[in-house]
Amino acid sequence: MSFSVVQERQILMSIFAIVAKWILPMNDIIALIEKETGLAIDRKWRRRILTLLREKAAEKKFVSIPSYADFLHSSQGHNALLALIDSITVGETYFFRNQKSWKAFDEHILPRVFAQAQGNGRNIKIWSAGCSTGEEAYSIAISLSKHDLPLMEQGVSILATDINCRSLAKAEAGLYRDHSFRGGDPAVREKFFTRENDQYRIQNNIRKLVSFNRLNLNCSSDFPQEYHDVDVIFCRNVLMYFGTETCRNIVQKISACLAQDGYLVLGHVEGAMASRDVFTPVKCHGTFVYQKRTKPREKPVQCIKKDRKPVFQKERVCIPAQPCIHQEQTSQKSPYHKAFQCYLKEEYQTALDYFDACLSLEKRGSKELILQALIQLHLGQYAAVETCLAVVSARTVLTPEVYMVKALYQEALKDLISAVKEGRAAAFADRNFFAPQFYLALFSDRLGKRVQAKKYYANSLRNMEKDTDERIRLFVGAVSNELLRSICERRVQS
Ligand SMILES: C[S@@+](CC[C@H](N)C(=O)[O-])C[C@H]1O[C@@H](n2cnc3c(N)ncnc32)[C@H](O)[C@@H]1O
């Protein structure tokens, strides 16, 4: 089909009109949200926001998007901007999310913090920064109360903050559905909550330990005085949504708020954001927490001894293997697809239920078994992980994904050296595979091997372009490529 010059000009004019009427003002609003919150909004997220913006503009009876954009920029529009931010932030959370962090908090951090507080007669202060609907802050309060200490005498305060007013109101109410307890110990719900119809309300003795407040971590000034001298700061699954510069500033301000020897607890992929000049990574219970340094940097500390022999020690990779997560699409109705979606939302038990309900073990292909192994790894069902991997290995040639799951398995067993070996096998088996490069970078960082870590971060950046989106998500979860890229770039440059 060919167009005349006049037709071409008309098409161009229509495109310009659309850009001027919709795209520029929409981009302008997104830039405003990014400036206010510090969030780095990626392409997928942007698409969701655009739909929301159209709805909100219509709801507020704005005839055009440019006039809605002008309103949001004005002082009268500030509350509307905050409400818009409430609608776009990702508030995914649940009680005792990531069991390893809670074990580290319970068994490593708390005894030290209590001992120190008793020694110097200070009150204990713990801060959940980016608390969403409050599950993390109440998990802190429950953990404290389980220590059976005279909390009020000890003078404990738990501060919980978020930018999202709607989430904070929900946190204040302390009323939760089943979903907030997923994967947790049912005894906790029994003991610390009271049933109200189909929901559960946090008991008052726990409720009153926590105070919720709105605080924008991306504010230009230092955090208020009440957030200073904090013993432990939880800032989990928050930093990963920020841009590089914002993240650096926030970590700096957070570290200024920590008391001497205080601890920072981060999400699984956020460890690289804690500068090694300011924090010492402390390994415990298969995870890392970050202790504020009082002296110049030292080597990583290992606080827990290995308590189990690695099981995959003998087998070594010697031939390039076949990837089992291919480019081809899986049907949206398949149990794999449904389980995968739940897995990305960290609904591990539901993900497993899909498999159990829809597919007998014999019918599960390598792809399903790899996903199942990862789900069971997250649930701490290690024997089942071994079974899944054994079935895949028996059926097919060696797959790079099997080595990668083994690497994560060894990491879960606190054996970082074996994790590195398995990760290298995965990287060797498929040179375009993103996950081994990324995890080898994280492992090397934790082992204090900066030069190696940098090399792996650089490889991760290269492989991000080569690997499939599905396989990247399978091993890193819902973290977007943009955020992964920003983590890797920052670590390559640091
Ligand atoms: C995924 S939730 C994390 C909840 C909890 N920390 C956890 O790990 O389960 C991220 C939270 O960060 C909050 N957040 C995003 N930008 C923020 C900002 N600039 N200041 C404070 N909180 C922010 C969001 O509103 C959201 O509630």
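# A tour from the α4–α5 loop outward

Begin by selecting F96, which sits in the loop between α4 (78–88) and α5 (99–120). The model on screen is a predicted one. F96 is not a glycine, yet its phi is positive, at about 50°. Most residues other than glycine have a negative phi. F96 counts as buried because 21 C-beta neighbours lie inside 10 Å, where the threshold is 20 or more.

Move next to N98, which also belongs to the loop between α4 and α5. Its backbone again shows a positive phi, near 60°, in a residue other than glycine. Is N98 buried or partly exposed? N98 has 18 C-beta neighbours inside 10 Å and therefore counts as partly exposed.

**The ligand shell**

Now display the ligand and the 25 residues around it; T89, T93, G130, S132 and L217 come nearest. Colouring this shell by class gives 7 nonpolar, 13 polar and 5 charged residues. Which domains supply the shell? Domain 1 (5–88) and domain 2 (99–302) each contribute at least three residues to the surroundings of the ligand.

**The nonpolar cores**

Select the largest nonpolar core, a set of 123 residues. Within this core, A141, I158, I233, L239, L264 and V405 touch the most other members. Helix α18 (residues 434–446) is the element that gives the most to the core, namely 8 residues. At least three core residues come from domain 2 (99–302), and at least three from domain 3 (335–493).

For a close view of the core, centre on I233. Beyond its neighbours within four places in sequence, I233 is in contact with W127, A129, I254, C257, L258 and L264. A second core, separate from the one just shown, has 8 residues, including M26, I29, I65 and Y68.

**Two helices toward the C-terminal part**

Select D353 in helix α13 (residues 348–358). D353 has 15 C-beta neighbours inside 10 Å, so this residue counts as partly exposed. A distance drawn from D353 to P335 reads 9.6 Å between C-alpha atoms, for a pair 18 residues apart in sequence.

Continue to L484, in helix α21 (residues 481–493). L484 is partly exposed because 19 other C-beta atoms lie within 10 Å, whereas burial requires 20 or more. Setting aside residues up to four places away in sequence, L484 touches M464, V476 and V479. F438 lies 46 residues from L484 along the chain, and their C-alpha atoms are separated by 9.0 Å.

**The whole chain and its confidence**

Zoom out to the full protein chain, which has 21 helices and 11 strands. Of its 494 residues, 41% count as buried. Among contacts with a separation of 6 or more, 69% join residues 24 or more positions apart.

Finally, colour by pLDDT. The chain has a mean of 84, and 85% of its residues reach 70 or more. Which elements mark the two extremes? Strand β3 (residues 175–176) has the highest mean pLDDT, 98, and strand β11 (residues 301–302) the lowest, 46. Over residues 298–321 the pLDDT is below 50, although this stretch has 45 contacts in the model beyond near neighbours in sequence. Where pLDDT is low, predicted coordinates should not be read in detail.

Definitions and conventions
Residues are numbered from 1 along each chain as its sequence is written. This is a predicted model: local features need pLDDT of at least 70, side-chain atom pairs count only at pLDDT 80 or more; totals for chains, interfaces and linings use all residues. Helices (H or I, at least four residues) and strands (E, at least two) are DSSP runs, numbered from the N terminus. A residue is buried if 20 or more other C-beta atoms lie within 10 Å of its own, exposed if 12 or fewer, and partly exposed in between; C-beta atoms are placed from the backbone. Two residues are in contact if their C-beta atoms, placed from the backbone, lie within 7 Å. A residue is near a molecule or strand if its C-beta atom, placed from the backbone, lies within 6 Å of it. Ala, Val, Leu, Ile, Met, Phe, Trp, Tyr, Cys and Pro count as nonpolar, Asp, Glu, Lys and Arg as charged, and the others, Gly among them, as polar. Domain bounds come from an automatic or database domain assignment. pLDDT is the predictor's confidence in each residue, from 0 to 100. A nonpolar core is a set of buried Ala, Val, Leu, Ile, Met, Phe, Trp, Tyr and Cys residues joined through C-beta atoms within 7 Å.
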